[in-house]
Amino acid sequence: MLTAVGDVLALRIPHVLRTALGPHWEFTADGPRVEIQHPHRGTPYHPPRRPPSWKELLHSLQTAFADIGVPRDDCLPLRWGRDTELTISAVQALDPFLKDGKPRTYRCGFLPQPVVRFTGERDALGDLCDGFLTSFVNVSHVQPIERLDEYGAILDGWLSVLSQLGFHARHVSVHGTLTPWRRREVAGITLHFRHLDLGIGDIVLLWNVDEPTRMAVDLGAGLERLAWARTQQHWHDLIYGRFADAAPPAMLDAIRTATLLLGHGINPKPRGAGGATRRVISAVDSGVAHLGVSAIVREMFAYWSLFSALRVPWPRIAHLIEEELRR
């Protein structure tokens with residue numbers, strides 16, 4: 001069933017995308033691999049003179065999605081507890097529809113979803129490479145679809161969103177393989193976006209293996225990566241601002257993630273979701289507890305509060321981190 005459905009979709013997708021995007025794109029196919037590029041892709045790129053604030057970037061995204069008929073929905077809870085202890089992707093909003101056979105989703109539309117993942121790419125010393133964070137915002141458009149042309153329209157809409165953010169089509173490309181993958185009840189085909197040579201996200205066509213007519217699209221990008229691609233700033237300056245040189249990146253990443261977890265009421269525990277909180281705090285130098293973490297926690301709290309209200313105030317979060325470091 002997977003092979004038959006996947007083969008049919010793989011054959012149809014190039015035509016669907018050509019129809020959606022129009023004649024101003026170049027399509028290259030090499031077996032199952034496909035690449036979509038703008039014919040004027042060699043033109044120079046100029047970043048903005050004044051990088052937008054995170055609040056401005058989020059507002060631009062919300063407005064751009066609304067302009068193409070995709071309203072913003074509420075974020076998923078950070079504590080998940082189904083297949084993963086924590087929310088790791090906005091695609092989990094589609095679980096009832098794709099996995100349970102129910103005609104509903106948890107969320108639908110544009111989601112600027114905070115997530116926590118421990119799978120970021122690392123260098124030879126074990127430090128996160130530029131472009132990767134333990135916690136970040138998964139900018140997503142999650143949507144059940146009935147026809148494959150809706151998939152093409154969602155991709156075309158995303159290019160319109162990128163345009164409103166200041167990206168130009170000539171610097172954006174799409175690439176990937178049309179070979180389907182499978183994870184238990186769900187199969188999919190993934191294509192990736194690049195801005196110049198930097199990966200910024202992907203679009204995934206999903207379907208239920210036993211009921212292939214139950215299809216959905218998950219279009220996702222990292223908000224922080226979008227800002228990095230657009231501004232061309234140094235990664236750590238972009239993410240940590242005035243705190244970029246205050247501590248090693250691993251410690252800053254840990255405090256950033258701990259602020260998100262504790263802000264959602266996920267306190268340190270030996271296992272489960274709280275085990276993730278204990279794990280990230282353990283990356284903070286215990287000597288920091290003597291000086292306190294309130295300044296950077298307040299900064300990170302303001303960032304995470306842009307996307308959904310945190311249950312725990314920032315002074316309490318700073319206290320919990322310091323107490324855990326003294327433990």
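**Salt bridges and cores**

Let's start with one residue: Glu-299 is partly exposed, at 31% relative accessible area (buried is under 20%, exposed over 50%, partly exposed in between, with a 1.4 Å probe and protein chains only). This is a predicted model, where local features need pLDDT of at least 70, side-chain atom pairs count only at pLDDT 80 or more, and totals for chains, interfaces and linings use all residues. Residues are numbered from 1 along each chain as its sequence is written, and side-chain values use heavy atoms, without hydrogens or water.

Glu-299 forms a salt bridge with Arg-242, 3.5 Å from N to O (a side-chain nitrogen of Lys or Arg within 4 Å of a carboxyl oxygen of Asp or Glu). The two are 57 residues apart: Glu-299 sits in helix α10, residues 294–304, and Arg-242 in the loop between α6 (235–240) and α7 (249–263). Helices here are DSSP runs of H or I, at least four residues, numbered from the N terminus. Arg-242 is exposed, at 60%.

How many salt bridges are there by this rule? The count is 15. In one of them, Arg-214 meets Glu-211 at 3.7 Å between the closest N and O atoms. Arg-214 is buried at 14%, whereas Glu-211 is partly exposed at 35%. Asp-83, Asp-95, Lys-99 and Arg-184 are linked in a salt-bridge network.

Now the inside. The largest nonpolar core (buried Ala, Val, Leu, Ile, Met, Phe, Trp, Tyr and Cys joined through side-chain atoms within 4.5 Å) has 98 residues, and Leu-162 is among those touching the most other members. Beyond four places in sequence, Leu-162 is in contact (heavy atoms within 4.5 Å) with Phe-167, Val-172, Ile-200 and Leu-226. Another core, of 13 residues including Phe-97 and Val-186, lies apart from it.
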